[in-house]
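Dear colleague,

I am passing on the structure we spoke about, and below it you will find my notes on what came out of it. Please read them alongside the sequence and the model.

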Amino acid sequence: MNKLLSKIIAAVACCGIALGSGKAVSASYSGDNEPVDYNGAYYLESMYPNGNAPDFSESAIKPTISVEQKIIKYNDSVPGSTQKVEISISGAEKAYVATSIHILFDNRLIVANPYKPLERGNAISSDKIDYKSQLNYRYESDNIKGELWAYTVGDDNYGKDGVMYTAEFIIPDDAKEGDVYPIGIEFEADEYTSDMFTNVTNNYAGRLMQGWIFTQGIENGYIKLESPDYQPPTEDTQPRIIPDGVKMTVGSTSQLLLMNAPPGEDVMWTSDNLGVVTVDNGLVTAVGTGKATVYAICGNNLMMSYITVGPSDAIRGDANCDSDVNMSDVVIVMQSNLNPTKYGLNGISSDRITLLGESNGDVDGSKGLSLNDALTIQKYTLKMVDIL
């Protein structure tokens, strides 16, 4: 493997691969056999050094970029094989176009195609999106670290949910059962440029979305070589929080339960917005209006549940917050869905829906405000249903 790495580095001049010093990374990609968690603090330190960051939880769009967590059953054919890893986006359908991301990888892995290290996927397949990818190597503390860099640009928000990129890596010849090769995104910025994930105008809504994704919306991945008899967890055995998605009012409490927790592991509960909810051993207390995510950390497992808190006098169905439920509530729910730029949570109209209105209007039993909520409220106003 070291000879192949040397050949690739020697080819820098002929294939346009960058080699430089770079900034220090947050965790090791140097063969420690441990996954590397994403560190959202880098974004805050780089973009808001004075601590004046807005509340990114107010973003109407909260995407997630996920690097595949690939499990391979080890056998004699695995060493030296080529493995594909997908980088996917969700929750950002037609909401973005300008992106720049850096993907670090374990330095034992070899990029199969250094000339085109990232193939574009269906999420950015539009011919109106330009993209480029590049393989970089950099020196850090006498180690060579590899990273993939890619960007997209366009004249409208053509980006969709799905696979953004696929990378191909060659597993080292000395690979063995139990090896873990971390592959993860890390925010990078310098005095000239920075990574990004925003809409075509980079307006306030776009910057909120970018802040959300680079602080809370990235899930790193890995290639892990398991034993030949490994069985992947099913939904019945996968650790998870129930319920996932809770609506509360200020002053109320709700008990979350962690299902299928690994035996003998301690569980740590935390909230990402203590101004909205606190949590103690799964008991959530609503202390202010807004949205928050409650996390349960147990061993190597991270589970989450999304919480929305309205004021104690919230009225279900009252999407325009006028203390009544009528057809005007149907209208604002429809407007916020069909024309979010004007009437969405971060819309430009003074008549846009509010956070409380979004919570009140979400009545159909599924998470998130939709046109089905408008239909449900309409049935209520026409007395086709008795309660919301």
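How much area does the protein expose, and what share of it do carbon and sulfur atoms supply? The exposed area comes to about 19200 Å², and carbon and sulfur atoms account for 49% of it. Please keep in mind throughout that this is a predicted model.

As to the overall make-up, the protein has eight helices and 23 strands, and of its 388 residues 45% are buried. Among the contacts between residues at least 6 apart in sequence, 69% join residues that are at least 24 apart.

Strand β4, which covers residues 82-90, shows an alternating pattern of side chains. Q83, V85, I87 and I89 point to one face and are buried, whereas T82, K84, E86, S88 and S90 point to the other and are not. This strand pairs with β2 (residues 64-67) in the antiparallel sense over four bridges, and there T64 stands opposite S90. β4 also pairs with β10 (residues 162-170), again in the antiparallel sense, over eight bridges; in that pairing, I87 of β4 has Y165 of β10 as its bridge partner.

Two of the helices may be worth your attention when you open the model. Helix α4 (residues 204-215) has twelve residues that should span 16 Å at 1.5 Å a residue, and its end C-alpha atoms are indeed 16 Å apart. Because nine of those twelve residues are buried, α4 is largely enclosed by the rest of the structure; the buried residues are G206, L208, M209, Q210, G211, W212, I213, F214 and T215.

Helix α5 (residues 327-338) also has twelve residues, and the 16 Å from its first C-alpha to its last is close to the 16 Å expected at 1.5 Å a residue. Its buried residues include D329, V330, I332, V333 and S336, and the buried residues of this helix pack against α6 (340-343) and α8 (371-381). As background to such a pattern, an α-helix has 3.6 residues a turn, so residues three or four places apart point the same way.

Finally, on the cysteines, a search of the whole structure finds zero disulfides. C298 is buried, with a relative accessible area of 0%, while C321 is partly exposed, with a relative accessible area of 31%.

With best wishes

Key. Residues are numbered from 1 along each chain as its sequence is written. This is a predicted model: local features need pLDDT of at least 70, side-chain atom pairs count only at pLDDT 80 or more; totals for chains, interfaces and linings use all residues. Side-chain values use heavy atoms; hydrogens and water are left out. Buried means under 20% relative accessible area, exposed over 50%, partly exposed in between (1.4 Å probe, protein chains only). Contact means heavy atoms within 4.5 Å. Accessible areas come from the Shrake-Rupley method with a 1.4 Å probe; for residues, only the protein chains shown count as cover. The expected span of a helix is 1.5 Å times one less than its number of residues. Two strands pair if DSSP finds at least two bridges between them. A disulfide is a pair of cysteine sulfur atoms within 2.5 Å.
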